[in-house]
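Reader: I am new to this structure and should like to be guided through it by a series of questions. May we begin once it has been shown?

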Amino acid sequence: MAEITTEEITVTDFAVREHRSLWVDAWRRLASSNTARLGMFIVAFFILSTTFSHFFWEYEPKKDLNYSLKLKPPTLIPNEEVPSVHPFGTDKLGRDIFRRVVHGGWNSLRVGIVAVSISLFFGGLTGLFTGFYENIDTTHIERLVLFGLTGLVLGSLSAWVAAQPIQAIFFAILGVIAAYFKNFQKGKALRMVVFTIAGALIGAILGAFVSGAAALISLIWGAITGALLSRPLDGKFFSNVMMRLMDIILSFPGYLLAIAIVAFLGPGLEKGMIAIGVVGIPVYARLTRSAVLSVSQKEYILAAQSVGEGHGRIIFRHITPNILSPIIVQTTMGLAGAILSAAALGFLGLGAIPPEPEWGAMLGDSYRYLTSGAWWAVLFPGLAIMFSVLGFNLLGDGLRDALDPKLRT
Amino acid sequence: MTPLLEIKNLKTRFFTSEGVVKAVNNVSYSMESGEILGVVGESGCGKSVHALSIMQLVQDPPGKITNGEVWLDGQDLLTLSEKEMKKVRGFDVAMIFQDPMTSLNPVFTVGFQIVEALRLHNDMTKKEARERAGELLALVGIPGAEERLDDYPHQFSGGMRQRAMIAMGLSCEPKLLIADEPTTALDVTIQAQIVDLVKRLQAELGMAIMWITHDLGVIAEMADRINVMYAGAIIESGNVRNIYKKTRHPYTMGLLGSLPRLDEDPGAELLSVPGLPPDLLALPKGCAFAARCGYRTEKCLEEKPPLEEIDGREHAVACWHWEEIAGSK
């Protein structure tokens, strides 16, 4: 047995003890995981290569045509048949696949970021508000805002059906009026009748400008909206309406709903972003809401209230930072999902409008030539999709481990 | 002189799917400024809910204050709007909670949280607030206070977190500090330190303290007066001497009997109060304690005893038979 002398024992100096935040800890755990490092590497490579390609060359898809170079295999050294370098080969119109993959990556990245931002923003806010106001007494102003919002959301559906956007605003006003008469204790039945008729009238009159059918549908929907708005007005009601709406969106198969939205809006990269974003809203709403519900029960939220902090401050200063970790993980995974969805829409011809390059659209254009031996036209965009999705998923997995609340002390 | 805090007929109810939970039933009492009031009772007897009712922080829905007045410094808190109430919380009344492990927000530094509480009610720059936060941490006895401001809650021990919570509670020098079981989650040596700290701070700053606990030992050491609560109502109230030496309510006697004593034969068995507290969903018609009481008569089951002043001042009890009990002792 070795002898231990006092010299061998090192004493940690308390004066230089560092103030480690939870985020710093999480970052260290992330950086020490091999899979997360691989994910980060792929994601960084993907982002940097697609972003910085713009500094090296301008890609103009409309001018990039050369029928004499139709479907040439990958060429690294120019020869008589193929006078220029095409590392990934060329497609059916003689376009360089390498450039199109890189430039298509830029489109995929944009779709991913914009679509996830849409889902995160609307879903996150829905989750925050519904979760927080579920179990809290609302002030007068909060009630006006929440019921204006409920009216706006319910009205938007009617407005969409009747093709009369102005309806949404009328229903929002109806919601605010309903909230304003909160202390209207007597005559609940009367109140319900008044609001139902008001809603039906707004719907019918505005719908009539479009067509008889629109008037009828928005009459019915308006009556339902009016009746709902005459109910007891508290946070729980607001959260119920919003979450049932989320359930409705969630009950459609994701791709089907995205295709339906694109069919409604018309094809195009931007429309695809909106469609994929809308489909993702309920996922973030539910995730955020569940996290908010559990954090709201923590004593530090009560403590924050007991020093006199207001609801807005509590939501954004105290609750939001505490629910970030599941949301960060979901966002990373969501980027992978959005890229995949964008490729699916592109493959079906509903995403980017040709000749704009997009990975899914490139696959859709080229898979027919697979039988004639042009494997390169399909392989490289396919690999690009696979690796970018893999990268974001690995990173998401790593983040989940790194941010695991069970590791927190 | 008007009392600092005067509560009249406070009633708090929880409207649940199983029925109405009668959490606080007709609680009335007053507190002078600079006084330490102990509130004792077993779990679920309405101690915490009545304190949260004063702050109007009862979770709503399902909770609601259905009746009563809470006068603080000549102002009925229950008539204030949420906006006005926000100014009262933390500034006039502050509250510290049971579990120091969860009452600090884990994602912010301790200093940030104290600074935030300070700046909420005072017109201070960040630098001034930070200085003051350092002073406060030093005041509650955290060594190297200045430096520990940048620590995160997980770098603090349980006792230190409770000290930090107290510093936050004291940040605006409130007139009333409500401490909701502040020592329950701590071990005994730390408990003693926190009790000493609060006593010292009370002497220095002179605010009134409401100390909610189920530990009669802790309260005997520091309180001026004690309210004993049972099933949402005060059943005995008085100064410490009267409560401990001239106990009149059978429930209080049961509570005191269940404490181990140093001057007792080590082999002696501890007494316990038989039975369970009544279901707050369906309170009995008569005295709420009757089912567990050895002095029970027909009258106890039929009529609710009022809280009456006895033995002159400073002692009140809600029991039909306090005179017999006094005689039998």
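Reader: Is the crossing of H12(A) and H13(A) left-handed or right-handed?
Author: This is a predicted model, and the answer is read from its helix axes. The axes of H12(A) and helix H13 (residues 359-366) of chain A come within 6 Å, and they cross at roughly 35°. The handedness of this crossing is right-handed.

Reader: Which residues of H13(A) meet H12(A)?
Author: On the side of H12(A), the residues are A:Ala342, A:Ala343, A:Ala344, A:Leu345, A:Gly346 and A:Phe347. By class, the contact of H12(A) with H13(A) has eight nonpolar, three polar and no charged residues. The residues that H13(A) contributes are A:Trp359, A:Gly360, A:Ala361, A:Leu363 and A:Gly364.

Reader: At what angle do helix H3 and helix H12 of chain A pack?
Author: Two packed helices are described by the angle between their axes and the distance between the axes. For helix H3 (residues 97-133) and helix H12 (residues 311-347) of chain A, the axes are 9 Å apart. Their crossing is right-handed. The angle is about 145°.

Reader: How many residues of the contact of H3(A) with H12(A) are nonpolar?
Author: H3(A) brings residues including A:Val111, A:Ala115 and A:Phe132, while H12(A) brings residues including A:Ile315, A:Leu335 and A:Ala342. Six residues of this contact are polar and none is charged. The number of nonpolar residues is 13.

Reader: Where does H10(A) bend?
Author: The 28 residues of helix H10 (residues 269-296) of chain A should span 40 Å at 1.5 Å a residue, and the end C-alpha atoms are 39 Å apart, which agrees. H10(A) nevertheless has a bend of about 35°, with a proline, A:Pro282, following within four residues. The bend lies at A:Gly280.

Reader: What is the radius of gyration of chain A?
Author: Chain A has 14 helices and zero strands. For its 409 residues the globule rule gives 22 Å, and the value for chain A is well over this, so the chain is more spread out than a compact globule. Along the principal axes, the C-alpha atoms fill a box of roughly 90 × 85 × 35 Å. The radius of gyration is 28 Å.

Reader: How many residues of chain B are in contact with chain A?
Author: Helix H2 (82-88), strand S6 (93-96) and helix H3 (110-121) of chain B each give two or more residues to the side that touches chain A. By class, that side has 14 nonpolar, eight polar and eight charged residues. Chain A takes part with 23 residues, and the number from chain B is 30.

Conventions:
Residues numbered from 1 in each chain as written. Chains lettered and ligands numbered in written order. Predicted model: local features only at pLDDT ≥ 70, side-chain atom pairs only at ≥ 80, totals over all residues. Contact = placed C-beta atoms within 7 Å. Nonpolar A, V, L, I, M, F, W, Y, C, P; charged D, E, K, R; others polar. Axes fitted to C-alpha atoms, helices over the stretch in contact; angles between N-to-C directions. Left-handed = near helix turned anticlockwise from the far one by under 90°. Expected span 1.5 Å × (residues − 1). Bend = angle between axes of the 7 residues up to and from the residue. Rg over C-alpha atoms; globule rule 2.2 N^0.38 Å.
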